[in-house]
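Here is a short report on one structure. It covers a chain contact and a sheet.

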Protein chains: 4
Amino acid sequence: MAISLRRARTIIRKALEKGREMGLKPLSVVVLDAGGHVQAFERADGAAPGRFAIAHGKAHGAVMLGMAGTAQMKRAEDQAYFMAAVNGVYGGKVIPVPGGVLIRDRRGAVVGAVGVTGDASEKDAECAMAGIEAAGLQGEI
Amino acid sequence: MAISLRRARTIIRKALEKGREMGLKPLSVVVLDAGGHVQAFERADGAAPGRFAIAHGKAHGAVMLGMAGTAQMKRAEDQAYFMAAVNGVYGGKVIPVPGGVLIRDRRGAVVGAVGVTGDASEKDAECAMAGIEAAGLQGEI
Amino acid sequence: MAISLRRARTIIRKALEKGREMGLKPLSVVVLDAGGHVQAFERADGAAPGRFAIAHGKAHGAVMLGMAGTAQMKRAEDQAYFMAAVNGVYGGKVIPVPGGVLIRDRRGAVVGAVGVTGDASEKDAECAMAGIEAAGLQGEI
Amino acid sequence: MAISLRRARTIIRKALEKGREMGLKPLSVVVLDAGGHVQAFERADGAAPGRFAIAHGKAHGAVMLGMAGTAQMKRAEDQAYFMAAVNGVYGGKVIPVPGGVLIRDRRGAVVGAVGVTGDASEKDAECAMAGIEAAGLQGEI
């Protein structure tokens with residue numbers, strides 16, 4: 001199952017909407033496919049210019065490793081040099097904190113990931129989940 | 001003048017719509033701000049996974065050099081080694097063909113760029129222009 | 001609001017002057033625009049050859065993240081692996097310590113950043129602020 | 001002999017001034033030292049954001065190879081793949097066209113280089129020479 005552009009749009013809109021409802025700073029949201037490639041992205045007005053790379057790094061690391069942001073953060077806390085090395089291996093495109101959320105199909109296969117950045121990592125992840133659920137998909141924080 | 005997310009969405013939707021009307025292959029469309037940073041991106045269903053980087057390279061080179069895709073292509077045809085060197089200088093993020101379209105404000109200042117990829121370069125550029133015009137902005141192909 | 005070259009020169013001159021008044025080691029000062037691109041740079045006689053990259057990294061990280069050097073340093077102290085990953089994401093161009101000072105306009109929007117390096121980070125930041133204030137702008141350390 | 005910051009400023013000011021006198025597009029000018037490291041840089045108002053990298057690439061290639069822009073261009077025309085490989089070897093930081101001007105001392109030793117970009121390459125080089133001569137130094141186009 002691929003994530004259609006229609007669904008990617010729903011994920012992004014709902015994640016941004018959730019951020020506004022929660023009173024968060026302006027968010028940036030990316031949706032990647034099962035190969036870790038960009039499907040869609042939006043950066044809210046007022047967000048810093050470099051936010052694409054952060055959102056992307058969260059989602060990209062999640063797909064590449066098959067490990068969501070929370071698990072990556074735990075690994076980074078236990079073994080910082082390992083995640084630093086992973087960052088190098090993937091050309092810098094890994095941000096190992098919450099806000100990188102895996103999308104799984106009904107059988108549990110990873111079909112993509114969402115990356116959200118702009119506020120505290122846990123709140124970023126909450127917004128990603130809101131988007132994923134609005135699209136009728138299952139997320140793993 | 002910055003390009004708001006609302007306008008970036010209009011540009012992308014209209015560019016994709018134009019592509020469908022013209023019967024083109026599935027397009028990918030990126031909108032960059034005046035600093036060459038990603039504002040929004042969408043990849044139509046059926047487009048190849050690597051299309052983000054092509055759309056981005058078209059628009060990024062245009063902003064960085066202040067030179068739209070058509071002018072870059074002419075330079076590449078006249079002096080291929082120059083555009084090859086420019087590609088190196090910008091870390092590979094330059095695709096010197098039409099489809100990288102500058103957005104200018106009323107005084108002529110560059111406020112961003114649109115990158116479209118997926119079909120023939122000239123047709124890609126035509127779709128970028130359709131999006132820019134729908135957003136009430138002025139494009140330079 | 002863009003930072004004119006005239007203002008960038010004022011910032012650099014006053015920052016260098018402040019460093020001499022304080023008896024600091026030779027400083028290097030960069031001014032970046034709102035997109036993180038170099039507007040002007042000067043390296044005082046006697047400064048080490050690699051100081052451009054340090055000054056640039058301080059200011060570049062600040063613009064890209066919308067977070068000044070002091071806030072970046074706090075984050076690095078709380079969560080070192082996060083700032084290490086951010087460094088990777090931005091191709092190494094991030095130095096998360098004071099001396100990377102954001103410039104904001106009257107409404108609070110980031111319009112650029114100053115990076116100063118050469119002496120202790122806090123003193124570097126003080127010189128950046130002296131330059132920014134001399135140019136009639138508002139800095140965030 | 002090192003190029004003092006005072007001299008670097010003179011070079012930049014005079015090169016920019018020459019460009020205005022000649023009615024050229026807004027220029028960007030970098031001065032590098034004998035090790036190829038940035039001493040000073042200014043980007044005129046209205047120049048595209050990515051001009052630092054182009055000016056730098058012109059001057060950096062000149063110092064690294066000990067070969068000014070005109071000689072590099074000849075080599076690129078004769079043997080494009082060689083200059084493409086040189087670009088790769090130096091991490092992309094080489095633009096082999098006029099506007100990268102070597103600075104030599106009285107004995108002929110290279111003490112730095114000036115890189116100018118913004119208009120036609122030959123005109124860029126003319127402005128670099130104007131700056132170098134105003135500083136009492138000897139340039140090689």
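Two strands count as paired if DSSP finds at least two bridges between them. This is a predicted model. In chain B, strand S1 (residues 28–33) and strand S2 (residues 38–43) pair in the antiparallel sense, over five bridges. B:Val30 sits opposite B:Phe41 in S2(B).

These strands belong to a wider sheet. Its 10 strands run in the order S5(A)-S3(A)-S4(A)-S1(A)-S2(A)-S2(B)-S1(B)-S4(B)-S3(B)-S5(B). The sheet is open, and the pairing is antiparallel. At the edges stand strand S5 (138–140) of chain A and strand S5 (138–140) of chain B. Each has a single partner strand, so one side of each is left without a neighbour in the sheet. From one strand to the next, the twist averages 20 degrees.

A helix lies across part of this sheet. Helix H5 (residues 121–134) of chain B crosses strand S3 (100–104), strand S4 (110–117) and S5 of chain B. H5 runs at about 25 degrees to S3(B).

Next comes the contact between chain B and chain D.

| Item, chain B and chain D | Value |
|---|---|
| Residues from chain B | 14 residues |
| Residues from chain D | 17 residues |
| Buried area | about 1,200 Å² |
| Salt bridges | zero |
| Residue pairs in polar contact | six |

Carbon and sulfur atoms give 70% of the buried area. On the side of chain B that touches chain D, helix H2 (51–65) and helix H4 (80–89) of chain B each supply at least two residues. H4(B) gives the most, with six residues. The residues on that side of chain B divide into 10 nonpolar, three polar and one charged.

Key. Residues are numbered from 1 along each chain as its sequence is written. Chains are lettered from A and ligands numbered from 1 in the order in which they are written. This is a predicted model: local features need pLDDT of at least 70, side-chain atom pairs count only at pLDDT 80 or more; totals for chains, interfaces and linings use all residues. Side-chain values use heavy atoms; hydrogens and water are left out. Contact means heavy atoms within 4.5 Å. Buried area is the accessible area (1.4 Å probe) that two parts lose on being put together, summed over both. A salt bridge is a side-chain nitrogen of Lys or Arg within 4 Å of a carboxyl oxygen of Asp or Glu. A polar contact is a pair of N or O atoms within 3.5 Å; within protein, one must be able to donate a hydrogen and the other to accept it, and residues adjacent in sequence count only if both atoms are side-chain atoms. Helices (H or I, at least four residues) and strands (E, at least two) are DSSP runs, numbered from the N terminus. Ala, Val, Leu, Ile, Met, Phe, Trp, Tyr, Cys and Pro count as nonpolar, Asp, Glu, Lys and Arg as charged, and the others, Gly among them, as polar. Axes are lines fitted to C-alpha atoms, for helices over the stretch in contact, and angles run from 0 to 180 degrees between N-to-C directions.
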